[in-house]
Amino acid sequence: MLETLKYLMGSAGSTGFGSKSTAEEVTEASPDLRSITAIITGATSGIGLETARVLAKRGARLVLPARNLKAAEETKARIAADFPGSHIIVLPLDLSSLSSVRSFASRFLSLGLPLHLLINNAGKFSHDHAVSEDGIEMTFATNYLGHFLLTKLLLNGMVETARETGIQGRIVNVSSSIHGWFSGDGIRYLDLITRKKIISRPYDATRAYALSKLANVLHTKELAERLKEMDADVIVNCVHPGIVRTRLTRDREGFVTDLAFFLASKLLKTIPQAAATTCYVATHPKVAGVSGKYFADSNEASPSSLGTNRHEAARLWRVSEAMAAERPQRTGFGQDSLPLNRTVEM
């Protein structure tokens with residue numbers, strides 16, 4: 001009850017920010033980002049667009065990967081109109097396709113640019129069951145696995161940039177408090193919904209989404225440990241942006257959804273408020289050296305108990321590497337059919 005009251009009132013936490021803080025407000029401590037190159041996925045609408053707009057306002061060079069290049073070019077033009085002189089690059093990327101992720105990484109690396117900041121923001125809520133071209137359930141493929149591979153392919157470049165420039169690299173994974181709605185064995189469940197073996201009841205889109213967001217949290221935890229072992233000057237954290245009516249939620253239009261949003265209107269954030277935590281973790285000096293943490297309302301928070309499980313984080317990493325590997329055939333990844341027909345410790 002106390003936390004709910006603090007949220008509704010927008011009470012500031014230990015960082016000096018709260019649920020009502022905006023992206024522009026939290027970046028005032030980092031007004032000059034002209035030395036920063038940032039990649040932001042999902043930047044053509046909603047939270048991603050506001051994140052890109054605010055970072056451009058602070059001077060950062062932006063790389064906007066997008067499946068819809070027309071929408072990305074419109075975003076670029078819109079930001080450039082607000083902030084003349086903005087340096088924005090648009091490149092094609094479909095996160096549900098591992099080959100597209102590899103192509104994007106290759107194109108970006110060929111530009112010879114530094115990379116200081118990677119914001120894995122793009123998200124998808126698939127109401128209907130679908131499987132990616134790589135044979136992975138679509139929500140998981142888009143929200144998590146594509147970002148996992150993207151981060152892996154760009155990581156060495158980020159480490160090198162940090163070493164050469166002396167500017168600590170930052171990776172921000174946008175998750176959701178909905179990750180706490182998932183319980184059970186995530187990898188087994190993913191195998192079942194990928195192969196659509198749950199035939200006794202319909203596809204549960206919300207549980208699939210919760211699993212993908214839990215994977216973002218576990219990815220953050222494991223990557224932080226690996227970066228520490230590498231002695232790399234790169235940090236990684238994940239964020240819960242808050243509840244906001246974006247295109248993601250508009251995919252669920254209907255009487256029940258509209259009624260729920262009406263009743264919860266006092267809990268909804270504006271898009272500038274929802275982008276605040278991402279921008280805070282991406283830029284604020286107080287986050288320097290902080291890694292493997294979960295943030296909400298621009299303050300450190302606690303993820304679900306499953307989201308803190310180091311064993312599950314390491315297990316997911318191993319299976320993810322197998323799923324994302326370049327192989328000619330992907331046929332499942334449960335105990336009976338491990339990913340890519342390769343033995344993986346489950």
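In what order do the eight strands of the open sheet line up? The views below come from a predicted model, and they start with that sheet.

**View 1. The open sheet, strand by strand.**
Reading across, the order is β3-β2-β1-β4-β5-β6-β7-β8, with mixed pairing. The edges belong to β3 (88-92) and β8 (299-301), each of which pairs on one side only. On average, and ignoring direction, neighbouring strands here are turned by 25 degrees against each other. As a reminder, sheet strands pair through backbone hydrogen bonds, and they can do that parallel or antiparallel.

**View 2. Strand β1 and its partner β2.**
Strand β1 covers residues 37-40. Thr37 and Ile39 point one way from β1, while Ala38 and Ile40 point the other way, and all of them are buried. β1 pairs with strand β2 (residues 61-66) in the parallel sense, over three bridges. To find your place in this pairing, look for Thr37, which stands opposite Arg61 in β2.

**View 3. Two helices lying across the sheet.**
Helix α5 (residues 98-110) lies across β1, β2 and β3, and it runs at about 145 degrees to β3. Helix α6 (residues 138-165) lies across β1, β4 (117-120), β5 and β6. Relative to β4, α6 runs at about 165 degrees.

**View 4. Strand β6, wrapped up by its surroundings.**
Why is strand β6 described as largely enclosed by the rest of the structure? Seven of the seven residues of β6 (residues 234-240) are buried, so that description follows. Val234, Val236, Cys238 and His240 point one way from the strand, with Ile235, Asn237 and Val239 pointing the other way. β6 pairs with strand β5 (residues 169-174) in the parallel sense over six bridges, and in that pairing Cys238 is the bridge partner of Asn173. The pairing of β6 with strand β7 (residues 294-296) is also parallel, over three bridges. There, Val239 of β6 has Phe295 as its bridge partner.

**View 5. Thr220, a buried residue of helix α8.**
Thr220 is found in helix α8 (residues 205-230). Its relative accessibility is 1%, so Thr220 counts as buried. Leaving out residues up to four places away in sequence, Thr220 touches Asn173, Val236, Asn237, Cys238, Gly292 and Lys293. You have already met one bridge pair in that list: Asn173 and Cys238.

**View 6. Tyr280 and Phe295, a tilted ring pair.**
How many aromatic pairs does a search of the whole structure find? There are eight. For Tyr280 and Phe295, the ring centres are 6.3 Å apart and the planes sit at 55 degrees, so the pair is tilted. Tyr280 lies in helix α12 (residues 276-283) and Phe295 in strand β7, so the pair ties together parts that are 15 residues apart in sequence. Are these two residues buried or exposed? Tyr280 has 2% relative accessibility and counts as buried; Phe295, at 4%, counts as buried too. Helix α12 is mostly covered as well, with eight of its eight residues buried.

**View 7. More rings: an aromatic cluster and an arginine over a tyrosine.**
Phe140, Tyr144, Phe148 and Trp317 form one aromatic cluster. Elsewhere, look for Tyr189: Arg207 lies over the face of this tyrosine, at 4.1 Å from the ring centre.

**View 8. Helix α7 against helix α13.**
The axes of α7 (residues 186-194) and α13 (residues 310-324) come within 10 Å and cross at roughly 35 degrees. On the α7 side, the contact is made by Ile187, Arg188 and Leu190; α13 brings Arg315, Leu316, Val319 and Met323. Sort the contact by class and you get five nonpolar, no polar and two charged residues.

**View 9. Two aspartates with positive phi.**
Asp231 has a positive phi of about 55 degrees although it is not a glycine. Asp231 is found in the loop between α8 and β6, and at 70% relative accessibility it counts as exposed. Asp297 also has a positive phi of about 55 degrees without being a glycine. Look for Asp297 in the loop between β7 and β8.

Definitions and conventions: Residues are numbered from 1 along each chain as its sequence is written. This is a predicted model: local features need pLDDT of at least 70, side-chain atom pairs count only at pLDDT 80 or more; totals for chains, interfaces and linings use all residues. Side-chain values use heavy atoms; hydrogens and water are left out. Buried means under 20% relative accessible area, exposed over 50%, partly exposed in between (1.4 Å probe, protein chains only). Helices (H or I, at least four residues) and strands (E, at least two) are DSSP runs, numbered from the N terminus. Two strands pair if DSSP finds at least two bridges between them. Axes are lines fitted to C-alpha atoms, for helices over the stretch in contact, and angles run from 0 to 180 degrees between N-to-C directions. Contact means heavy atoms within 4.5 Å. Ala, Val, Leu, Ile, Met, Phe, Trp, Tyr, Cys and Pro count as nonpolar, Asp, Glu, Lys and Arg as charged, and the others, Gly among them, as polar. Rings of Phe, Tyr and Trp (its six-membered ring) pair if their centres lie within 6.5 Å; planes under 30 degrees apart count as stacked, over 60 as edge-to-face and the rest as tilted. A charge sits over a ring if NZ of Lys or CZ of Arg is within 6 Å of the ring centre and within 35 degrees of the ring normal.
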